[in-house]
Amino acid sequence: MPDDLDYQIVHALQVAPRAPWGVVGDVVGVSAATAARRWERLVDSGLAWIVTYPGAAYLNTRCSAFVEVQASSRREALVERLAGDRHVATIQRTAGDGDLLLTVMVPDLGFLGDWVQRLADTEGVARTRTRLVMRVFGESERWRVHTLSDADESVLVEHRPEHRPLAHEPDEMDLRLIAALAEDGRRSAVDLAAASGLSAPTVRRRLTALVAERVLSIRCEVAHVISGWPVTANVWARASSRSISALVDALDELPQVRVCCEVTGTANILMGVWLHTVGELSEFEQQLESRVPGLVVADRSVTLETPKRLGTLLDRSGCRTGSVPVVL
């Protein structure tokens with residue numbers, strides 16, 4: 001199992017996923033070589049990894065949705081099929097109204113309609129329900145294992161591109177670079193240059209722009225078995241526009257929240273949360289309704305297993321076994 005130093009390295013990469021090993025080593029008190037070696041051991045064991053996926057600004061120009069699936073039979077075959085689909089970012093097997101909750105990312109509404117129809121016609125699917133994502137308020141990249149000080153984080157922040165408005169649509173070269181980065185978000189600029197046909201300085205410049213403009217998100221993920229938060233749940237809530245504003249303001253005080261979205265439907269807020277125990281779900285809901293006047297929890301589900309998360313294939317303990325990167 002990881003020790004304190006491993007967790008510090010993970011925290012450092014959660015703040016700045018592509019920070020140089022020398023910087024990471026200085027922050028955690030070891031050499032660059034030791035930091036890199038420790039990280040490689042975590043990756044090889046499937047306990048931690050760097051994932052890339054479409055950023056919030058880019059998704060706002062495309063279409064994403066949560067699709068609940070009621071399975072009638074052949075559930076394992078259905079999950080295997082969906083895991084290989086590059087438009088399915090995340091698959092959760094849930095204890096709730098649906099058997100599966102899918103996070104789907106596609107080019108447009110027409111594509112989504114066709115995709116959902118094909119899913120509904122698939123053997124083993126009894127029913128589907130789709131909710132479009134209207135806005136993303138909080139992304140999982142804000143979540144930390146919390147082993148470093150604020151001062152340490154401030155050193156690392158300098159090695160993370162500062163967000164700025166989306167200035168351009170990604171072109172063919174950008175998409176080629178994103179594809180080359182999909183397997184390993186820390187792949188060096190020299191390797192990316194060789195894979196994409198660009199020069200290393202151009203790779204660095206383009207990559208900085210893609211992350212800064214939130215076309216591309218890069219983050220450090222950890223397996224549930226070492227996260228300290230082994231329970232995943234989804235909370236659906238009803239909120240007015242005023243309540244939504246209050247919720248956005250409260251997110252920094254709700255460390256359980258991994259992602260928060262405004263979606264279509266009567267229950268217009270969906271939050272993915274990580275908890276220490278199943279019993280904490282009721283406590284979280286009470287805390288949420290207390291901090292956000294006018295927000296009412298409408299439904300919830302507990303995740304039994306996550307076979308795929310943001311393009312990463314996982315085993316039952318949440319360790320990485322492979323990847324099928326998301327492509328729009």
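Which residue in β6 is the bridge partner of Val-51? Keep that one in mind, everyone, and I'll come back to it in a moment. Good morning, and thanks for coming. One thing before we start: what you have on the screen is a predicted model.

Let me begin with the overall picture. The protein has 13 helices and twelve strands. Its radius of gyration is 20 Å, close to the 20 Å that the globule rule gives for 328 residues, so the protein is as compact as a globular protein of that length. If you lay the C-alpha trace along its principal axes, it spans about 50 × 40 × 40 Å. Of the 328 residues, 54% are buried. And if you take the contacts with a separation of 6 or more, 75% of them join residues 24 or more positions apart.

Now, what does the UniProt record say? The entry is unreviewed, and it places a feature called "domain: HTH asnC-type" at residues 3-42 and 171-210. In the model, residues 3-42 are 78% helix and 0% strand, with the end C-alpha atoms 11 Å apart. Residues 171-210 come out at 72% helix and 0% strand, and there the end C-alpha atoms are 11 Å apart. The unreviewed UniProt entry also gives "domain: Transcription regulator AsnC/Lrp ligand binding" at residues 67-135. That span is 30% helix and 45% strand, and its end C-alpha atoms lie 16 Å apart.

Back to my opening question. The answer is Arg-219: that is the residue in β6 that bridges to Val-51. The two strands involved are β1, residues 48-54, and β6, and they pair in the antiparallel sense over seven bridges. Please rotate to β6 itself, residues 216-222. Seven of its seven residues are buried, so to speak a covered strand from end to end. Leu-216, Ile-218, Cys-220 and Val-222 point one way from β6, while Ser-217, Arg-219 and Glu-221 point the other way, and all of them are buried. So our bridge partner Arg-219 sits in the second of those two groups.Let's move to the nonpolar interior. As a general matter, nonpolar side chains in soluble globular proteins tend to be buried together. Here, the largest nonpolar core holds 55 residues, and those touching the most other members are Ile-9, Val-10, Trp-39, Leu-156 and Leu-207. Helix α1, residues 4-15, supplies the largest share of this core, with six residues. Which residues does Val-10 contact, if we leave aside its neighbours within four places in sequence? They are Trp-39, Leu-42, Ala-48, Val-145, Cys-220 and Val-222. You will recognise Cys-220 and Val-222 from the β6 slide, where they point the one way together with Leu-216 and Ile-218. Apart from this core lies another, of 23 residues, including Ile-244, Val-257, Leu-275 and Leu-281.

A nice residue to click on next is Leu-270, in strand β9, residues 269-275. Leu-270 is buried, with a relative accessible area of 2%. Not counting residues up to four places away in sequence, Leu-270 touches Phe-66, Asn-234, Val-235, Trp-236, Val-259, Cys-260, Cys-261 and Val-263. Look at Phe-66 in that list: along the chain Phe-66 and Leu-270 are 204 residues apart, yet their C-alpha atoms are separated by 9.3 Å.

Someone usually asks about cysteines. How many disulfides are there? The count is zero. Take Cys-63: the closest cysteine sulfur, in Cys-261, is 13 Å away, which is too far for a bond. Cys-63 counts as buried, at 6% relative accessibility. Cys-319 is also too far from a partner, because the closest cysteine sulfur, in Cys-220, is 13 Å from its own. At 10% relative accessibility, Cys-319 counts as buried too.

Last stop, the backbone. His-146 is not a glycine, but has a positive phi of about 60°. You'll find His-146 in the loop between β5, residues 125-138, and α7, residues 150-157. Is His-146 buried or exposed? With a relative accessible area of 58%, His-146 is exposed. Arg-214, again not a glycine, has a positive phi of about 60°. Arg-214 lies in the loop between α10, residues 200-212, and β6, and is partly exposed, at 34% relative accessible area.

That's my tour. Thanks, everyone, and I'm happy to take questions.

Methods
Residues numbered from 1 in each chain as written. Predicted model: local features only at pLDDT ≥ 70, side-chain atom pairs only at ≥ 80, totals over all residues. Heavy atoms only, no water. Core = buried A, V, L, I, M, F, W, Y, C linked by side-chain atoms within 4.5 Å. Buried < 20%, exposed > 50% of the residue type's maximum accessible area, 1.4 Å probe, protein only. Helix = DSSP H or I, 4+ residues; strand = E, 2+ residues; numbered from the N terminus. Contact = heavy atoms within 4.5 Å. Disulfide = S-S within 2.5 Å. UniProt positions renumbered as here; feature names shortened; annotations may be inferred. Pairing = 2+ DSSP bridges. Rg over C-alpha atoms; globule rule 2.2 N^0.38 Å.
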